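The following exercises are to be worked through with the sequence and the coordinates at hand. Each task is followed by a solution that proceeds step by step.

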Amino acid sequence: MSYIGRQPTVGNFQICDAISVVNGQAAYTMQVGSVNVIPQSANHMIVSLNGTIQKPNSSFTVSSSTITFSSNLSTGDVIDFIQILGDVLDLGVPSDATVTAAKLASTSVTTAKLAADAVTEAKIADDAVESEHLNDNVISGQTELATAPADTDEFLVSDAGTLKRIDYTHIKGLADTNEAIVKGWCNFNGTGTVAINQSYNCSSVTDNNTGSYSINWSGATGATGSNHSTAGGGDLGGYNNDERVQVYNAGNNQTGMETWNGTTATDFSPLHCLTFGNGS
């Protein structure tokens, strides 16, 4: 798009400090505000000597901040001015909100360019940080734990308002050592092929014989022990005064159950059993 009127002028235009001519000297240091300046090249300068504009790279050359005239100057010569035009490709200082993301190279913003604590919460858009930008040790909930936690697996807890992490090993035994909590239970079919309907901390049920079963509790949980206390019941079907269910501690992590119809051992269904214990 063309401009209406004069096109904006862009460049770092500087007039060098006045330079006093030294008789028999051709080279002089260029400064602006008493600070050495370095033009991009002789072609980026306008130099006037004794009222005459000098030709770059012919009447003078530049090296770093030094201008050297083609011949030594003498007393009476006057360097009228040296104007540095700046880089013709210099875009100057961008106006506010003019530098867009498309103008930045992918590697242009480095850690060295960021001041300490420069990225604040206010500068991060909602939902801007995706999971792929998080380290593996960040607790984000992105990955499902499909098995029982390991002792070194960590949970987040609020300790008087301060968020902390805690290993599973510190909390895994809390439920198991509470003697008021049922440590295991089982609902199973005692007729035909014995099958567990639902259970908690029950590893299996063994069909010993007609009307005789062993309920095997999961020792890995510490839910029971050799001194656990157990209870149970069942149903033969219909109303029958002679139904009897005997439940007893059969040993470490195991409960025995016998079912009778009068004096005859009989399979019942369903049967229920639960146990309490402190793991001893």
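**Exercise 1.** Determine how many aromatic pairs a search of the whole structure finds, and classify the pair formed by Tyr28 and Phe69.

*Solution.* In this predicted model, the search of the whole structure yields 3 aromatic pairs. One of them joins Tyr28 and Phe69, with 6.3 Å centre to centre and 70° between the planes; because planes over 60 degrees apart count as edge-to-face, the pair of Tyr28 and Phe69 is edge-to-face. The pair links distant parts of the chain, since Tyr28 belongs to strand E2 and Phe69 to strand E8, 41 residues apart. Both Tyr28 and Phe69 are buried.

**Exercise 2.** Classify the pair of Phe155 and Tyr168, and state how exposed each residue is.

*Solution.* The ring centres of Phe155 and Tyr168 are 5.9 Å apart and the planes stand at 40°, so this pair is tilted. Phe155 lies in strand E10, whereas Tyr168 lies in the loop between strand E11 and strand E12, 13 residues apart. With a relative accessible area of 32%, Phe155 is partly exposed, and Tyr168, at 21%, is partly exposed as well.

**Exercise 3.** Describe the sheet that contains E2 and E8.

*Solution.* The open sheet consists of 3 strands in the order E2-E8-E7, with antiparallel pairing. Its edge strands are E2 (25-29) and E7 (60-63), each of which pairs on one side only. Neighbouring strands are turned by 25° against each other on average, direction ignored. Between E2 and E8 (residues 66-73) there are 4 bridges in the antiparallel sense, and Ala27 has Thr68 in E8 as its bridge partner.

Notes: Residues numbered from 1 in each chain as written. Predicted model: local features only at pLDDT ≥ 70, side-chain atom pairs only at ≥ 80, totals over all residues. Heavy atoms only, no water. Pairing = 2+ DSSP bridges. Helix = DSSP H or I, 4+ residues; strand = E, 2+ residues; numbered from the N terminus. Axes fitted to C-alpha atoms, helices over the stretch in contact; angles between N-to-C directions. Phe/Tyr/Trp six-rings, centres within 6.5 Å; stacked < 30°, edge-to-face > 60°. Buried < 20%, exposed > 50% of the residue type's maximum accessible area, 1.4 Å probe, protein only.
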